Each structure stands twice: as structure tokens, then as C-alpha cells.
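Got your viewer open? Let's walk through this model together, one selection at a time.

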Amino acid sequence: MIELNQVGKRYLAKTALHDITLTLPQGGITGLIGENGSGKSTLLKILAGLVKPSTGTVFINEKKTERQIAADVAYLSELDTFYSFYKVKDMVDFQASQFPDFSRKRADDMLTFMKLDPNSKIKVLSKGNRGRLKIVLALAREAPVILMDEPLSGLDPMVRDSIVTSLISFVDVEKQTVLITTHEVNEMEPIFDRVVAIREGRLLGIADAEKIRGEQGMRVVDWLKEQYQL
Amino acid sequence: MVDNFDASKPIYKQIADQFYWKIIRGDLQAGDKLPSVRDTAVAFRVNPNTVSRTYNEMERANVVETKRGLGTFVTEKQDVLNDLKGKKMRQQIEQFVTEMEAMGYTAAEMVNGLKNHLGKERGEND
């Protein structure tokens, strides 16, 4: 379970997050949606223990988030953070050495699914394959919480497709709590259990994706637009 | 991907409708095993939780039965399957009639139109 209580974040002149209070239950995939600069990435970094909130408290499974929360949280950054001289398998070994919850079996299954050769050098991988490798490294952890910052961003449709399929195939949605920031709302909508809309660092709303469609007869993207107009 | 679904209806219901369609057509027969929740989720590219809801919904309607550790199966109760077949036909007819009435067609015109159409479709000229 993820619990944020009146969380705010100020950077020198700019306030990135205002007074966010939000509880996410264990299990399921939540989409964190909103325009550029709305504070999505900052929120994810706070949950990952990479950024300290200026105000408020954050708990993940009743533990206060700080750098050590990485033991419970798999975080996929928007950036590439690979050593280019590593091979794919070296990167897998490194990740396995860092996290006791890393499943080599799941990693192998995912490498096969993603058609990644363990012996390829990372520096010769295409951008799409680097994107795939990042997903493998994050999802091969049987972590209670998985945070993904824009996993589809800048990737071609084939790669995006394989990433969405791997989320469906390899995440244990009953146990693992997944939070994904994305601009590709239409593409990701069918895999979200619920969505959280934020704008200019403020929480606008949270809703069950099936209820948005069933009770309001809307797509998630239309719901988001409506939240922005309120 | 969401384009495969009608945006104004819950996805779990739309997937249930597709299973009902297959059962009525006979692509899935009494006693047949449904794919696992995960395989169905991958096939439809949706969240596995959504597919669990679909299976629960179909189970509540008695159309499928889940056997612990074995999977989910189409019911062998023929009366339930006949009911399903009848219900889907009534739904389609209701929708057709509602739209025709909204355009002002009479019952006689609808019946004639249907007879004509079915006659042509089967290549009967008598």
C-alpha cells in the first residue's frame, strides 16, 4: 500500500507538488496522468526515495520512504543509466547482485520474450532495445511496488507494443502495486485499474478506469480533459 | 488498442460478450476449457484484473464454472446455454426494433423487410 499525506515539494523558486494526499491499495496498475511539468516524475521520485519531500509524509507498506526503500520498490527512470561497456547479461548480473527479489528465471523469460541477446553489448543496442532492457530489469524484480516513469516515451510502436504486453504477462497484478506515468493515455488505458490525474503539482482526481467507461461513458483521456476543466 | 473496445462500456463486459458470442456460435462448446486469465489478458491486451472480472461475471451468470486448480469451463447445463442463446437474440432484436421504430417504420414494414432480406441472402426467388 502507498500512502501520501499532505506531500509537498519545493525547489528554490518553484513548487513542484502541493499538498498531495493519496492512498493506493496493494495490487493493480495505476496510471499517473497529466501534462508535462505537472509533477508526475517528482511524485514518482519521492516514492522511490530519490527525492525528499519538503512537507508531508510518505509510507510504502508502512515503511517511511528513504533511500533504503529501494529494497521494496523497483524504479524505472525516464533516463538510460547503463554502463555502455556492459553486455546485456552483465547488466542482469549486476541487477541480481543488488536486489534479493530479482528473479533470474523471470529475467530469462523476459529476455527471450523481448528477443534480447544476453551477449549483446549495451552500446550497440538500439534505443528500442535499451527501452526493452530497462523494462526487463525493473519487472524481473518481484518487488511489492514498481514505479515506471514514461516507459513508452520516444519508442516506436513495435517496442511500445512489446512493453505493454510484457506488463500484462509478467506483472503479478494481485500482489504487485504498479504506478506508471504516461502521456500515452489511450495506449495504456486498457491496462490501468485506476488513474490519478495531476496538474501543476495538485491532485485533481482518482478514479477506477472501468467506472469511467461504465458509469460516465467516457474514455480515460476524456475524463482527464474534464478534470483539467473543473 | 482501446480502439478495439467501445469506449462507453466497461471492458470486462465487452470481453464477456465476445465469449458469449463464441459460445453461441459453437466455437466454444459445453465443457470446453477457457484460456487462463493471463492468456486472455494478453490476447485482448488488457489488465488481468479486468479478465478476472469477466470470468466472475460469466460465472455469476452460470455460463462458466471454475474448478479449483483446473481452470474455467463452459457449463454443461444445456438449459443455461439455450437461455443465453435466446437472450442474445432478444437483445439484438430489441436493438433493431428500437432503431427502426425511432425512424418511423411500422411492424409490418419491419417483418416484410426482414423476409425480403433473408430471402435474398439465401438466394431464394420464390
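Here is the tour, chain by chain.

**Stop 1: chain A, the whole chain.** Before you click on anything, keep in mind that this is a predicted model. Now select chain A and switch to a cartoon view: you should find eight helices and 10 strands. The radius of gyration of chain A is 17 Å, close to the 17 Å that the globule rule gives for 230 residues, so chain A is as compact as a globular protein of that length. If your viewer can draw a box along the principal axes, the C-alpha atoms of chain A fill one of roughly 50 × 35 × 35 Å.

**Stop 2: chain A, inside and out.** Try colouring chain A by burial. What share of its 230 residues is buried? It comes to 56%. Next, turn on contacts and keep those between residues at least 6 apart in sequence: 71% of them join residues at least 24 apart. Then show the surface, where chain A exposes about 10500 Å², with carbon and sulfur atoms supplying 49% of it.

**Stop 3: chain A, charges.** Pick out the charged side chains, and you'll have 31 positive and 31 negative ones in chain A. The centres of those two sets lie 6 Å apart.

**Stop 4: chain B, the fold.** Hide chain A and select chain B. Its secondary structure comes to five helices and two strands. Trace the chain along its sequence and you'll read α-α-α-β-β-α-α. How does the radius of gyration of chain B, 18 Å, sit beside that of a compact globule of 126 residues? Such a globule would be near 14 Å. The C-alpha atoms of chain B fill a box of roughly 55 × 35 × 25 Å along the principal axes.

**Stop 5: chain B, its two domains.** Give residues 2-76 of chain B one colour for domain 1, and residues 79-121 another for domain 2. Where they touch, 10 residues come from domain 1 of chain B and five from domain 2 of chain B. Draw a line between the C-alpha centres of the two domains of chain B and it should span 26 Å.

**Stop 6: chain B, inside and out.** Colour chain B by burial too: 32% of its 126 residues are buried. Of the contacts in chain B between residues at least 6 apart in sequence, 51% join residues at least 24 apart. The accessible surface of chain B is about 8400 Å², and 49% belongs to carbon and sulfur atoms. Last, select the 19 positive and 19 negative charges of chain B, whose mean positions are 6 Å apart.

Terms used: Residues numbered from 1 in each chain as written. Chains lettered and ligands numbered in written order. Predicted model: local features only at pLDDT ≥ 70, side-chain atom pairs only at ≥ 80, totals over all residues. Heavy atoms only, no water. Helix = DSSP H or I, 4+ residues; strand = E, 2+ residues; numbered from the N terminus. Rg over C-alpha atoms; globule rule 2.2 N^0.38 Å. Buried < 20%, exposed > 50% of the residue type's maximum accessible area, 1.4 Å probe, protein only. Contact = heavy atoms within 4.5 Å. Areas by Shrake-Rupley, 256 points an atom, 1.4 Å probe, with all protein chains shown as cover. Lys, Arg positive; Asp, Glu negative; His and termini not counted. Charge placed at Lys NZ, Arg CZ, Asp CG, Glu CD. Domains from an automatic or database assignment.
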